[in-house]
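Good morning, and thank you for coming. I would like to take you through one part of a structure that will be new to most of you. Please have the sequence and the three-dimensional view ready.

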Amino acid sequence: MTDTTTKGGTASHSLLQRLQAILNQLVEPARALTDSSKREQSRFLSVFLLTIIVISLGLSIASYLTSADKALDAFSVFVLAAIGILVGLYILNRTGHYQIAAVCTILMISLLITIASLPYDEPGYLTTANFFVLTVLLGASLLPLRYVVILVIIQEIIAAVLTWYTLQLSGEPLSQFFSPASPFGFTLIISILILIVIDQRNQIEAMRSAELLESESRYRTLVEMSPDAIVLAHEDRLIYLNPAAEKMLGLNVADAQGIRPADLVHPEDREVAHNIIRNNIREQVPMRERLVLPNKTIIEVEALGAPVRVGGKVMRQTVLRDIRERLVAEQQTLELAVERARMRMLEMFISDTSHDLRTPITALTTSAYVIQQYLIQLLERLSGLSPAPEGVESLTEVLKDRIEGLRGNADRLTQLLNVMLDMVRLDQHASYKFQPTDLNLFGHDMFIKFEEESRRKGCDLIFIPSPQPVVASVDSHEFGRVAQNLVENAVRYSLPNGKITLRTFLREDHVVFEVSDTGLGISEEDLPYIFDRFFRADKARASHTGGSGLGLAIVKKIVDVHGGKIEVESAAGKGSTFRVILPALTS
């Protein structure tokens with residue numbers, strides 16, 4: 001029983017849906033009408049005409065079937081003719097001639113009311129003229145106000161003539177002409193009230209229309225200026241793209257007309273996108289998908305769509321946001337996080353093992369010293385023997401070289417450990433003591449410190465100080481390490497007869513400490529990585545001298561803390577120029 005009831009309810013619901021679809025098809029305005037208000041008025045006129053046609057036709061059929069002689073009288077013929085005219089007006093309205101159909105409908109109804117109101121033998125027919133109010137109401141629903149006013153004037157003239165003629169026939173006083181009970185008085189009062197209501201309604205609608213236009217203007221401005229791409233689709237075809245969408249997709253509005261939105265989606269993402277577009281689903285969260293542009297470029301976007309009603313039509317608006325830069329930023333953030341984790345592990349390793357590393361290094365240094373002392377004592381004893389043992393001198397030279405190598409390696413290990421500990425300290429944001437300092441002082445100190453070493457290597461060391469003070473806020477100890485590292489590298493990697501130049505000068509609102517040399521230089525391939533930790537340049541450069549691979553990383557770290565930057569110009573075999581640029585202090 002329950003199943004039968006359920007099936008019956010479903011069938012009834014399906015039948016109602018079919019009837020509703022047929023009715024909507026019968027009253028749907030013509031495509032030529034694009035104005036939304038006129039489309040609604042055309043739909044109302046179709047419903048009105050269909051209702052009168054169906055009722056009149058039904059009453060005529062019922063009258064014919066119930067008549068005794070089954071013959072058509074003059075009134076029935078008149079009604080059928082009126083139905084034919086109404087059908088013609090319905091067709092006229094459905095073909096897009098709404099204005100003509102509306103005027104003719106109102107005139108026809110007014111004519112019918114006038115004919116029905118003519119003073120026949122029975123005076124009661126005159127009251128039919130009161131139905132002129134219905135035509136005024138109908139006109140108010142279908143026509144502009146100025147047409148309704150003209151309609152009221154014409155109908156009041158007809159009502160006045162009918163009322164006057166009827167009063168003349170009945171012998172009643174003409175004072176009844178203006179009585180509210182007379183057709184003229186009644187229709188005049190009601191028509192004026194209707195006109196007042198229409199005028200107020202029009203004013204309200206004008207205000208609402210102005211507000212709507214203003215709102216649409218603001219919305220259009222927001223859409224046009226939006227940095228996100230916004231597209232509008234109807235019946236699974238693109239019809240509008242804002243400037244951001246044109247730029248993103250490489251299409252203009254004319255080219256986009258008729259393109260299916262799903263065709264722009266990557267084949268692997270197309271099925272999901274097509275289902276969402278086809279069912280017009282309102283997405284709650286942005287959906288990530290890939291788009292294939294006309295130039296075959298693939299971009300990744302976030303799409304958020306929803307159905308919207310525009311001009312009486314249900315369309316789909318989708319906001320697209322290009323997330324390629326964000327994905328790059330996320331990847332960079334991930335890589336930075338991985339690098340930071342790696343550096344934290346390295347810092348922990350260096351901090352935790354520094355003591356354990358110093359112990360064997362100290363043991364190496366001490367052992368080298370002890371061996372050297374024993375060697376000296378052994379040589380003294382052997383020198384007292386006569387004759388001296390054969391091969392002692394050569395053995396002595398070999399042992400000296402081994403001891404010096406042992407001590408040198410121990411010193412390099414100590415230096416490397418100290419540099420790594422310095423890097424850890426800098427990463428842990430060691431405290432700085434900034435104070436105004438003239439960078440000429442650092443240039444002078446470096447010149448004195450490395451002049452002798454440069455001379456021994458056969459290089460010329462030149463210092464060209466700025467004629468005016470070049471003052472910056474620096475930590476003297478840490479910036480001294482920057483200057484020393486740069487000058488030390490210049491001396492280390494310079495070739496005999498080379499030239500090393502130290503300069504300080506002003507550059508707009510910055511001060512510059514510059515170190516240039518004519519040494520080995522750095523290759524173009526290695527240049528982007530010279531400030532990376534533990535990076536060593538090409539093998540020729542690395543094998544020429546020692547080094548930890550942390551010196552320039554420490555330099556950049558200190559310069560960054562000082563709010564400055566470092567520039568590098570270099571070419572393999574032609575030398576290098578390093579410039580440290582800091583904000584200048586003005587007195």
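I shall speak about one helix, its two helix contacts, and a cavity that it helps to line. Please keep in mind throughout that this is a predicted model.

The helix is α14, which covers residues 476–492. Let us begin with its contact with helix α13, residues 439–456. The two axes come within 10 Å and cross at roughly 40°. Angles from 35 to 65 degrees fall in the oblique class, and α13 and α14 are therefore oblique to each other. Their crossing is right-handed. On the α13 side, the contact is made by Leu439, Phe442, Met446, Lys449, Phe450, Glu453 and Ser454. On the α14 side, the residues include Phe479, Ala483, Val487 and Val491. Taken together, the residues of this contact divide into 8 nonpolar, 4 polar and 3 charged.

I turn now to the second partner, helix α16, which spans residues 551–561. Here the axes of α14 and α16 come within 9 Å, and the crossing angle is roughly 145°. This crossing is left-handed. From α14, the residues that meet α16 are Glu478, Phe479, Arg481, Val482, Asn485, Leu486 and Asn489. From α16, they meet Gly551, Leu552, Ile554, Val555, Ile558 and Val559. The division in this contact is 8 nonpolar, 3 polar and 2 charged.

Finally, the cavity. The structure holds 3 cavities of 30 Å³ or more, and the second largest encloses about 70 Å³ of space. It is lined by 10 residues, of which Asn489, Ala490, Asp517, Ser576 and Phe578 are the closest to its centre. Which elements supply at least two residues each to this lining? They are α14, β10 (510–517) and β12 (575–583). Helix α14 gives the most, with 3 residues. By class, the lining comprises 5 nonpolar, 3 polar and 2 charged residues.

One residue deserves a second look in your view. Asn489 of α14 takes part in the contact with α16, and Asn489 is also among the residues closest to the centre of the second largest cavity. Thank you for your attention.

Definitions and conventions: Residues numbered from 1 in each chain as written. Predicted model: local features only at pLDDT ≥ 70, side-chain atom pairs only at ≥ 80, totals over all residues. Heavy atoms only, no water. 1 Å grid on protein atoms, 1.4 Å probe; cavity = no way out; pocket = protein on both sides within 12 Å on 5 of 7 lines; lining within 4 Å. Points joined across faces, edges and corners; volume = space filled by probe spheres on them. Helix = DSSP H or I, 4+ residues; strand = E, 2+ residues; numbered from the N terminus. Nonpolar A, V, L, I, M, F, W, Y, C, P; charged D, E, K, R; others polar. Axes fitted to C-alpha atoms, helices over the stretch in contact; angles between N-to-C directions. Parallel < 35°, antiparallel > 145°, perpendicular 65-115°, else oblique. Left-handed = near helix turned anticlockwise from the far one by under 90°. Contact = heavy atoms within 4.5 Å.
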